[in-house]
Amino acid sequence: MAFFRYRYQPFQSFYFLFFAFYLLLVKVPYWAVRYALPSKRPQPWSLGRVILVKCYRTFITGLFQTSVASMCYDPVVVEKSGKGDELGLVWVEPSPELVVGEIAEAARANDIKAERTAGYWLGKRGSDGRPGQPAGPDEKVIYGFHGGGYVMGSAHPHFATGYIYRNLLDKYAKGYDRIFQVEYRLSQSDPLPPQGAFPAALIDALAGYKYLVHDLGFKPSNILVMGESAGANLALQLTRYLSQNDLPGLGRVRPRAQLLLSPVSDWGATQQGPGTSWEYNYNCDMVHDFFSGYPAKSLIGNLSPETAWENSWLSPGSLRLPNPEGTFKDLPPTCIIIGGAEMMLDPVKTVRDRIATDIGEENVTFFEIPHGAHVPMTHTWHEPESRLGYEATAKWVESLK
């Protein structure tokens, strides 16, 4: 598959015009006929649900043919708009001293440096009305990461992940009044200028964690790390790194717990083929194009192609990891939530089993949402699966007290 073939104007406009007509006049009527009978649908969904999932998949294909810019927010532009405080924008200074070991080696290979980045706050403000006030006495906070396959998405509160975090603050994360998201660097590669390869996102996530602990005074035992999709992959990278390294100026600062929503777990696609969730959920999910080569190539950068299936940081659910035993030692209590209709279900179960082996089954909570497509908690229309995911989250958060 060729990527971003129509990224230049006027071809991009022509493509979207054709795309809209083709979707509305050809694909939607075709799906309406093909899935008119409930017995023909890939899940026990309404006809409208089936068509919506198909439309999302087609829309993502369109992004990969044109541009993902519409799925991203530039924090510099946000700041210049004068709406930075209103949207919770803050700036996070780089922390190069936290980059050690094999992560430092990967950073050198991909010429990745620690850089200043942005972040966004949701939730209560200080008396001056500005975001990012110091932690209150024993205050708890959620540190979250957006999805988007590491090639699109944003911590901006208007991006889709913001919907999840607003719901958590409003109803499902009792005891938490604030959520912070860091605007980690995204990856890209040919035909676009290469940038943001692994471990750029992890280095930014580390800077955000230091900002919470060192600058604002949050106790690690009061920080819940979470993410959805690629953001859940990054959350797992961060908690593992913090749990297994004695970091300069921070020490070994394991967070309280981690919540992983549909974590991307196998960039090397080692769990595809007959009898796998990739096969039997192929027609009821929407993330196909994220596994068509471009995101993985962009993440790997100058590292060897084998990195996609042999690197436990990027692909913790790969069946081709050389030595998976002990990979997740010392992790905090972990909750994994995934839809039963997801193509990634099998690799995520592999991650679950490996974490449980290393830290004990009693420290791992796993909830499979029946008939849920990718991260159903992101979509208002994905009911009752969305509600079930939120309720499972609330129950687990309550158990941490």
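1. Two strands are taken to pair if DSSP finds at least two bridges between them. In this predicted model, strand β7 (residues 334-339) pairs with β8 in the parallel sense over 6 bridges, and within that ladder Gly339 has Ile369 of β8 as its bridge partner.

2. These strands belong to an open sheet of 8 strands with mixed pairing, in the order β1-β2-β4-β3-β5-β6-β7-β8. Its edges are β1 (89-92) and β8 (364-369), each of which pairs on one side only, and the twist from one strand to the next averages 20 degrees. Helix α13 (residues 385-399) packs on the sheet, where it touches β5 (223-228), β6 (257-261), β7 and β8, and its direction makes about 165 degrees with that of β8.

3. The count of salt bridges comes to 12. One of them joins Lys210 to Glu97, with the closest N and O atoms 2.6 Å apart; because Lys210 lies in helix α7 (residues 200-215) and Glu97 in the loop between β1 and α5 (101-109), the pair ties together parts that are 113 residues apart in sequence.

4. Arg185 and Asp204 also meet through their side chains in a salt bridge (3.0 Å, N to O), which links the loop between β4 (178-182) and α7 to helix α7 itself, 19 residues apart. Arg185 counts as buried at 17% relative accessibility, as does Asp204 at 1%, and both residues are linked with Glu115 in a network of salt bridges.

5. On the surface, Leu17, Phe18, Phe21, Tyr22, Leu24, Leu25 and Val26 form a nonpolar patch with about 750 Å² of accessible area together. Leu24, which lies in helix α1 (residues 11-34), is exposed, with a relative accessible area of 58%.

Technical notes
Residues numbered from 1 in each chain as written. Predicted model: local features only at pLDDT ≥ 70, side-chain atom pairs only at ≥ 80, totals over all residues. Heavy atoms only, no water. Patch = residues over 30% accessible without salt bridge, like charges linked within 9 Å, V, L, I, M, F, W, Y side chains within 5 Å. Areas by Shrake-Rupley, 256 points an atom, 1.4 Å probe, with all protein chains shown as cover. Salt bridge = Lys/Arg side-chain N within 4 Å of Asp/Glu carboxyl O. Helix = DSSP H or I, 4+ residues; strand = E, 2+ residues; numbered from the N terminus. Buried < 20%, exposed > 50% of the residue type's maximum accessible area, 1.4 Å probe, protein only. Axes fitted to C-alpha atoms, helices over the stretch in contact; angles between N-to-C directions. Contact = heavy atoms within 4.5 Å.
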